[in-house]
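Visitor: I should like to examine this protein model through a short series of questions. Please show the structure before we begin.

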Amino acid sequence: MNGAVRTDPPRIVVGISGASGVIHGARVLDALAELGVESHLVVTRAALLTLSQETDLSAESLSAKATVVHKLTDVGASIASGSFRALGMIIAPCSVRTMGEIATGVTSTLLTRAADVTLKERRPLVLMVRETPLHLGHLRTMTALAEMGAIIAPPLPAFYARPESIADMVDQSVGRALDLFGLDWAPVRRWDGLKGPTPA
């Protein structure tokens with residue numbers, strides 16, 4: 001998108017909301033650190049609850065993975081302004097509540113405000129939406145967001161990569177999401193054509 005801004009070092013805003021799959025957000029932070037990309041993190045209260053149930057990470061250890069951590073209630077933070085230069089924003093995972101707030105533009109936290117700013121500046125906003133099954137309201141919200149310029153990128157497994165663990169599936173999803181910012185993370189397994197004999 002034409003609003004993405006290259007900075008030195010490059011930087012990305014990372015949101016983690018309360019859907020299942022909080023490990024995706026943690027691995028986004030790990031990947032950005034490995035790639036030399038500055039990360040600006042904002043986490044919802046529900047995400048911290050999920051963190052305690054799904055991982056052995058503490059809130060402090062999650063925050064330590066980020067370059068800068070912003071408070072959820074700090075609507076005066078740098079990432080709340082369009083003048084904050086960044087490649088874009090990723091929300092991993094993205095809950096349907098967060099998705100709904102962004103779609104309406106009625107934002108109640110720094111996370112959704114930063115997402116709204118990303119859209120208005122025409123920068124990539126990648127939403128790793130984590131919910132299933134989806135009802136018609138969810139689908140219409142996704143359509144509205146896609147029409148506004150967001151990229152809907154659910155963390156779905158790529159079995160052609162022959163994952164051997166949940167960690168492999170997480171890293172593949174995270175790496176493919178980072179591809180959308182032009183970032184190439186080493187753990188991603190790329191498709192390079194069919195192997196072996198093909199069916200007649």
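The questions below concern a predicted model and turn to its sheet, cores, pocket and backbone.

Visitor: In what order do the six strands of the open sheet stand?
Guide: The sheet is open, and its strands pair in parallel. At its edges are β3 (68-70) and β6 (151-152), each having a single partner strand, so one side of each lacks a neighbour in the sheet. The order is β3-β2-β1-β4-β5-β6.

Visitor: Which residue is the bridge partner of Val126 in β6?
Guide: The strands β5 and β6 run parallel and are joined by two bridges. Within β6, the partner of Val126 is Ile151.

Visitor: Which element supplies the largest share of the largest nonpolar core?
Guide: This core has 29 residues, and Ile12, Val14, Ile16, Leu32, Ile90 and Phe181 touch the most other members. At least two residues come from each of β1 (11-16), α1 (22-35), β2 (38-43), α2, β4 (89-94), β5 (125-129) and α7 (166-179). The largest share is six residues, and the element that supplies it is α1.

Visitor: How many residues form the other core that lies apart from it?
Guide: Among the members of this other core are Met89, Met99, Ala115 and Met142. As a general background, nonpolar side chains in soluble globular proteins tend to be buried together. The number of residues in the other core is 24.

Visitor: Which residues is Ile16 in contact with, leaving aside its neighbours within four places in sequence?
Guide: Ile16 is one of the core residues that touch the most other members. Its contacts beyond those neighbours include Val22, Gly25, Ala26, Leu41, Val42 and Val43. The remainder of the list is Thr44, Ala47, Leu62, Ala92, Pro93 and Leu111.

Visitor: Which element gives the most to the lining of the largest pocket?
Guide: The largest pocket has a volume of about 250 Å³. Of its 15 lining residues, Thr44, Ala46, Arg97, Thr98 and Thr109 are the closest to the centre. Two or more lining residues come from each of α2 (45-54), α4 (96-104) and α5 (110-120). The most, three residues, come from α4.

Visitor: How many residues of each class, nonpolar, polar and charged, does the lining of the largest pocket have?
Guide: The lining comprises 15 residues. By class, these are four nonpolar, three charged and eight polar.

Visitor: Is Asp116 buried or exposed?
Guide: Asp116 is placed in helix α5. Leaving aside neighbours within four places in sequence, its contacts are Gly105 and Thr107. Buried means under 20% relative accessible area. The value for Asp116 is 18%, so this residue is buried.

Visitor: Which residue does a cis peptide bond join to Asp8, and what is omega there?
Guide: Most peptide bonds are trans. The bond after Asp8 is cis and leads to a residue in the segment before β1. That residue is Pro9, and omega is about 0°.

Visitor: What is omega for the cis peptide bond from Ala92 to Pro93?
Guide: Pro93 belongs to strand β4. For the cis bond that leads to Pro93 from Ala92, omega is near -5°.

Visitor: Where does Arg162 lie, and is it buried or exposed?
Guide: Most residues other than glycine have a negative phi. Arg162, however, has a positive phi near 55°. The residue is located in the loop between β6 and α7. With a relative accessibility of 66%, Arg162 is exposed.

Visitor: What is the relative accessible area of Arg122?
Guide: Arg122 is found in the loop between α5 and β5. Although not a glycine, Arg122 has a positive phi of about 60°. Arg122 counts as partly exposed, and its relative accessible area is 47%.

Definitions and conventions:
Residues numbered from 1 in each chain as written. Predicted model: local features only at pLDDT ≥ 70, side-chain atom pairs only at ≥ 80, totals over all residues. Heavy atoms only, no water. 1 Å grid on protein atoms, 1.4 Å probe; cavity = no way out; pocket = protein on both sides within 12 Å on 5 of 7 lines; lining within 4 Å. Points joined across faces, edges and corners; volume = space filled by probe spheres on them. Helix = DSSP H or I, 4+ residues; strand = E, 2+ residues; numbered from the N terminus. Nonpolar A, V, L, I, M, F, W, Y, C, P; charged D, E, K, R; others polar. Core = buried A, V, L, I, M, F, W, Y, C linked by side-chain atoms within 4.5 Å. Buried < 20%, exposed > 50% of the residue type's maximum accessible area, 1.4 Å probe, protein only. Contact = heavy atoms within 4.5 Å. Pairing = 2+ DSSP bridges.
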